[in-house]
Amino acid sequence: MEATTSSETTIENGSCLCGSVRYQIQTSAKRQVTHCHCTICRRASGAPFVTWVTVLTSGFEWMQGEDDKEKEEALQVYCSSPRAKRFFCRTCGSPLLFQHEDCPTEVDITAGSLVECNEIQADHHIFVGTKMAGIHVDEHLPSYEHETPSDWKKQADGE
Ligand SMILES: [Zn+2]
Ligand SMILES: [Zn+2]
């Protein structure tokens, strides 16, 4: 894929803990940042909630390995629901990416796996209905009991 957009595009790097899996995103492909408190994210990550950065698939690229076989060997995929996949490092277990079949134009990457990212500006909290007690929700941000109203629908016809 090529950076042919007229607006300035910079690259951000992501990595698992051990470095076996690496990826790059184009900053111009970033869409939204979500704190998810759902029970699946909690158990999949081991953390009280997961911060996801939604990125257009066109601006995301796995970087490890020279060929598809190496990429597959470094990554482990778990179907956390029938239409959703979670990708993590086969060696160190770092959660890296979420993809839903109903949203083929987007992937969600874990904010914590972005190597140079020291600040995150979240857009909203979701699944606060299952939020762990004691975890603070920023009252200045929209928060939703479940998904955002537009999730899984808005991407059906592109951006
Ligand atoms: Zn790893
Ligand atoms: Zn979740």
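Let me begin with the contacts: among those in the chain with a separation of 6 or more, 54% are between residues 24 or more positions apart. I should say at once that what we have here is a predicted model, and everything that follows should be heard with that in mind.

The chain has 159 residues, of which 25% count as buried, and its secondary structure comes to 2 helices and 10 strands, arranged along the sequence as β-β-β-α-β-β-α-β-β-β-β-β.

Turning to the sheet, we find 7 strands forming an open sheet with mixed pairing, in the order β6-β7-β8-β9-β4-β3-β10. The edges are taken by β6, residues 75–81, and β10, residues 124–126, and because each has a single partner strand, one side of each is left without a neighbour in the sheet. From one strand to the next, the twist averages 30°.

Within that sheet, β8, residues 95–100, and β9, residues 106–110, run antiparallel and are joined by 2 bridges; if you look at Phe 98, you will see that its bridge partner in β9 is Asp 108.

Let me finish with a residue in the segment after β10, namely Phe 127. Which sign does the phi of Phe 127 have, positive or negative? The value is positive, near 55°, in a residue other than glycine, and as background, most residues other than glycine have a negative phi. As for its surroundings, Phe 127 has 21 other C-beta atoms within 10 Å and is therefore buried, the cut-off for that class being 20 or more.

Terms used
Residues are numbered from 1 along each chain as its sequence is written. Chains are lettered from A and ligands numbered from 1 in the order in which they are written. This is a predicted model: local features need pLDDT of at least 70, side-chain atom pairs count only at pLDDT 80 or more; totals for chains, interfaces and linings use all residues. Two strands pair if DSSP finds at least two bridges between them. Helices (H or I, at least four residues) and strands (E, at least two) are DSSP runs, numbered from the N terminus. Axes are lines fitted to C-alpha atoms, for helices over the stretch in contact, and angles run from 0 to 180 degrees between N-to-C directions. A residue is buried if 20 or more other C-beta atoms lie within 10 Å of its own, exposed if 12 or fewer, and partly exposed in between; C-beta atoms are placed from the backbone. Two residues are in contact if their C-beta atoms, placed from the backbone, lie within 7 Å.
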